[in-house]
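Reader: I have a model open and want to go through its packing and pairing. Can we take it piece by piece?

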Amino acid sequence: MNLIILGPPGAGKGTQCERLVETFGLVQLSTGDMLRAEVASGSELGKKAKILIDAGNLVPDDLIIAMISSQIDRPSTENGFILDGFPRTTAQANALHEMLSEKSLKIDHVIQLAVDEEIIVSRLSGRFSCAKCHAGYHDIFKKPNKDGICDKCGAQEFLRRSDDKPETVRSRLRAYREQTAPILPFYDEKGVLKVVDGMSSMEDVYNTVREIILNG
Ligand code: AP5
């Protein structure tokens, strides 16, 4: 089972991936996480990516396509994968299509999380994650059970993303509208696009996505 999870920044892609990985044993391939790891490592790619990410712009297609292709080839994706944050442009969608055909793989479902833009700034300004295991939290919508302690690993250090500032979020939303939303018809025509209301509770969104995976 191979999935794509699409939606604007803050739609809940990462939140849902965390649950889907646990339930279905899929591997989450998040291009955002891969880029943040490059930034943290101080690599040349990371240095270039940081400037673009902090401005709310997309990283060039060729770098992203090479990065994702090598990840799909890893043995850990044997049970299937969820692409989170990829593809994001028409060029990436076309490259993915060719890449998967060459590997005799296919995408079973493309889940689009639909959310109103007004809610996104508040979702992202309250977001934080565990510095150790990366579990995601929110100041209002998903607090840790014990204040200051990660539910999953017990760590006490948390991080906030530098691109979650309101002005950067607005640029990211523009990039989504102009460069990513146009790929939706491509998947709709292939009959694999499923639109899910990302405004409902995390639990309701999860149950709807789970139902799509189990019953199509
Ligand atoms: P990336 O890391 O992919 O960020 P994004 O797509 O902007 O998405 P986010 O991670 O911000 O949001 P999400 O949908 O995962 O929401 P979450 O679940 O955390 O990309 C970052 C940057 O990297 C890009 O801007 C670009 O520069 C670059 N990049 C990445 N991929 C690229 C590519 N393919 N090509 C080129 N450049 C690329 O939820 C958000 C918050 O809301 C959380 O706090 C959560 O608790 C809360 N929440 C979630 N669901 C709900 C709900 N149902 N109700 C209430 N609260 C909720």
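Reader: Are H4 and H5 roughly parallel or roughly antiparallel to each other?

Author: Note that this is a predicted model. Helix H4 spans residues 61-72 and helix H5 spans residues 90-102. They pack at an angle of about 30 degrees, with axes 10 Å apart. Angles under 35 degrees count as roughly parallel, so H4 and H5 are roughly parallel.

Reader: What is the class make-up of the contact of H4 with H5?

Author: H4 brings Asp61, Ile64, Ile65, Ile68, Ser69 and Ile72. H5 answers with Ala91, Gln92, Ala95, Leu96, Met99 and Leu100. By class, the contact holds nine nonpolar, two polar and one charged residues.

Reader: Is the crossing of H4 and H5 left-handed or right-handed?

Author: The two axes lie 10 Å apart and meet at about 30 degrees. As H4 passes H5, the crossing is right-handed.

Reader: Now the other helix pair. Is H2 oblique or parallel to H3?

Author: Helix H2 covers residues 31-41, and helix H3 covers residues 44-54. Their axes are 7 Å apart, at an angle of about 120 degrees. Roughly perpendicular stops at 115 degrees, and roughly antiparallel needs over 145. The angle therefore makes H2 relative to H3 oblique.

Reader: How many residues of the contact of H2 with H3 are charged?

Author: From H2 come Leu35, Glu38 and Val39. From H3 come Leu45, Gly46, Ala49, Lys50 and Ile53. The classes are five nonpolar and one polar, and the charged residues number two.

Reader: Is the crossing of H2 and H3 left-handed or right-handed?

Author: H2 and H3 pack at about 120 degrees. H2 passes H3 in a crossing that is left-handed.

Reader: Across which strands does H2 lie?

Author: H2 runs at about 65 degrees to E2. It packs its length against two strands' positions, lying across E2 and E3. To put that more plainly, the strands that H2 lies across are E2 and E3.

Reader: Which strands are the edges of the five-stranded sheet?

Author: This open sheet has the order E2-E3-E1-E4-E8, with parallel pairing. Its twist averages 25 degrees from one strand to the next. An edge strand pairs on one side only, and here the edges are E2 (27-30) and E8.

Reader: What is the bridge partner of Ile5 in E3?

Author: Strand E1 covers residues 3-6. E1 and strand E3, residues 81-84, pair in the parallel sense over three bridges. In E3, the partner of Ile5 is Asp84.

Reader: And what is the bridge partner of Ile5 in E4?

Author: E1 also pairs with E4, in the parallel sense, over four bridges. In E4, Ile5 is bridged to Ile111.

Reader: Which residue in E8 is the bridge partner of Ile111?

Author: Strand E8 spans residues 193-197. Five bridges join it to E4, and the two strands run parallel. Ile111 is also the partner of Ile5. In E8, its partner is Lys194.

Reader: How many of the residues of E4 are buried?

Author: Strand E4 runs over residues 109-114 and is mostly covered. Of its six residues, the number buried is five.

Reader: Does Ala11 count as buried or exposed?

Author: Ala11 sits in the loop between E1 and helix H1 (13-24). Beyond its neighbours within four places in sequence, Ala11 contacts Leu113, Val115, Arg123 and Gly198. Its relative accessibility is 3%. The cut-off is under 20%, so Ala11 counts as buried.

Reader: How far apart in space are Ala11 and Ser104, C-alpha to C-alpha?

Author: Along the sequence, Ala11 and Ser104 are 93 residues apart. In space, their C-alpha separation is 30 Å.

Reader: What is the strand order of the open sheet of three strands?

Author: Pairing in this sheet is antiparallel. E6 and E7 are the edge strands, each pairing on one side only. The order is E6-E5-E7.

Reader: What is the bridge partner of Ser129 in E7?

Author: Strand E5 takes in residues 127-130. E5 and E7 pair in the antiparallel sense over two bridges. In E7, the partner of Ser129 is Leu159.

Reader: Where does Ala155 lie, and is it buried or exposed?

Author: Ala155 lies in the loop between strand E6 (136-138) and strand E7 (158-159). Leaving out residues up to four places away in sequence, it touches Cys130, Lys132, Gly148, Ile149 and Cys150. Its relative accessibility is 14%, so Ala155 counts as buried.

Reader: What separates the C-alpha atoms of Ala155 and Cys133?

Author: The two residues are 22 residues apart along the chain. Their C-alpha atoms are separated by 8.2 Å.

Methods. Residues numbered from 1 in each chain as written. Predicted model: local features only at pLDDT ≥ 70, side-chain atom pairs only at ≥ 80, totals over all residues. Heavy atoms only, no water. Buried < 20%, exposed > 50% of the residue type's maximum accessible area, 1.4 Å probe, protein only. Contact = heavy atoms within 4.5 Å. Axes fitted to C-alpha atoms, helices over the stretch in contact; angles between N-to-C directions. Parallel < 35°, antiparallel > 145°, perpendicular 65-115°, else oblique. Left-handed = near helix turned anticlockwise from the far one by under 90°. Nonpolar A, V, L, I, M, F, W, Y, C, P; charged D, E, K, R; others polar. Pairing = 2+ DSSP bridges.
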